[in-house]
Amino acid sequence: MHEARNGMPAADLRDVTWRKSRHSNSQGTCVELAGLPDGAIALRNSRHPDSPALIYTRAEIDAFVRGAKDGEFDDLLS
C-alpha cells in the first residue's frame with residue numbers, strides 16, 4: 001500500500017479491514033473505520049466505499065470518541 005493521504009480514494013487502501021458500528025442502520029448509512037499500518041485511522045462513507053477517505057491520527061480519533069462519549073456533539077442530532 002502506498003502512503004495513505006487525506007482524500008485518497010478509499011478503494012486504494014488495500015489490505016485494511018473496514019469496520020462499522022453495530023448501531024448502524026440496515027440501509028447502510030454509516031461511517032466505516034479502518035486501522036492503517038502506520039497507526040492512523042481512515043474513515044469512509046459506507047454508501048460510497050470508493051469515495052475519498054479521511055485520514056486521522058490516533059490522537060484525533062481519541063479526542064473525537066471521548067467527546068462523543070461525553071455528549072459534546074449531541075446537539076448536532078437534534
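Buried means under 20% relative accessible area, exposed over 50%, and partly exposed in between. The exercises below apply this scale to a predicted model.

**Exercise 1. Classify Phe73 and Phe64 by accessibility, then describe how their rings are arranged.**

Solution.
- Step 1. Phe73 has a relative accessibility of 31%, so Phe73 counts as partly exposed.
- Step 2. Phe64, at 48%, also counts as partly exposed.
- Step 3. The structure holds one aromatic pair. Its members are Phe64 and Phe73, with ring centres 5.3 Å apart and ring planes at 25°.
- Step 4. Planes under 30 degrees apart count as stacked. The angle for Phe64 and Phe73 is 25°, so this pair is stacked.

**Exercise 2. State the order of the elements and work out the layout of the sheet.**

Solution.
- Step 1. The protein has one helix and four strands. Read from the N terminus, the elements run β-β-β-β-α.
- Step 2. The four strands form an open sheet in the order β1-β2-β3-β4, with antiparallel pairing.
- Step 3. The edge strands are β1 (19-20) and β4 (54-56), each of which pairs on one side only.
- Step 4. Strand β1 is joined to β2 (residues 31-35) by two bridges, and these strands run antiparallel. Arg19 has Leu33 in β2 as its bridge partner.
- Step 5. As background, strands of a sheet pair through backbone hydrogen bonds, either parallel or antiparallel.

**Exercise 3. Check the length of helix α1 against the expected span.**

Solution.
- Step 1. Helix α1 covers residues 58-69, which is 12 residues.
- Step 2. The expected span is 1.5 Å times one less than the number of residues. For α1 this gives 16 Å.
- Step 3. The end C-alpha atoms of α1 are 16 Å apart, which agrees with the expected value.
- Step 4. Just after α1, Gly71 takes a positive phi of about 85°.

**Exercise 4. Find the salt bridges, and for each say where its residues lie and how accessible they are.**

Solution.
- Step 1. A search of the whole structure finds two salt bridges.
- Step 2. One of them joins Glu32 and Arg44, whose closest N and O atoms are 2.7 Å apart. This pair links distant parts of the chain: Glu32 is in strand β2 and Arg44 in strand β3 (residues 41-45), 12 residues apart.
- Step 3. Glu32 has 11% relative accessibility and therefore counts as buried. Arg44, at 15%, counts as buried too.
- Step 4. Asp62 forms a salt bridge with Arg66, and here the closest N and O atoms are 2.9 Å apart. Both residues are in helix α1; because they are four residues apart, about one helical turn separates Asp62 from Arg66.
- Step 5. Asp62 is partly exposed at 38% relative accessible area, whereas Arg66 is exposed at 54%.

**Exercise 5. Describe the surroundings of Met8 and Ala34 in the largest nonpolar core.**

Solution.
- Step 1. The largest nonpolar core has 12 residues in all, including Met8, Trp18, Ala34 and Ile55.
- Step 2. Met8 is found in the segment before β1. With 3% relative accessibility, Met8 counts as buried.
- Step 3. Not counting residues up to four places away in sequence, Met8 touches Glu3, Leu13, Ser51, Pro52 and Ala53.
- Step 4. Met8 and Arg22 are 14 residues apart in sequence, and their C-alpha atoms are 26 Å apart in space.
- Step 5. Leaving aside neighbours within four places in sequence, Ala34 is in contact with Val16, Thr17, Trp18, Ala40, Ile41 and Ala42.

**Exercise 6. Assess the backbone at Asp15 and the accessibility of its side of the chain: is Asp15 buried or exposed?**

Solution.
- Step 1. Asp15 lies in the segment before β1.
- Step 2. Most residues other than glycine have a negative phi. Asp15 is not a glycine, yet has a positive phi of about 60°.
- Step 3. At 79% relative accessibility, Asp15 counts as exposed.

**Exercise 7. Give the overall dimensions, burial and contact range of the protein.**

Solution.
- Step 1. Along the principal axes, the C-alpha atoms fill a box of roughly 40 × 30 × 20 Å.
- Step 2. Of the 78 residues, 27% count as buried.
- Step 3. Among contacts with a separation of 6 or more, 33% come from residues 24 or more positions apart.

Conventions: Residues numbered from 1 in each chain as written. Predicted model: local features only at pLDDT ≥ 70, side-chain atom pairs only at ≥ 80, totals over all residues. Heavy atoms only, no water. Core = buried A, V, L, I, M, F, W, Y, C linked by side-chain atoms within 4.5 Å. Buried < 20%, exposed > 50% of the residue type's maximum accessible area, 1.4 Å probe, protein only. Contact = heavy atoms within 4.5 Å. Phe/Tyr/Trp six-rings, centres within 6.5 Å; stacked < 30°, edge-to-face > 60°. Pairing = 2+ DSSP bridges. Salt bridge = Lys/Arg side-chain N within 4 Å of Asp/Glu carboxyl O.
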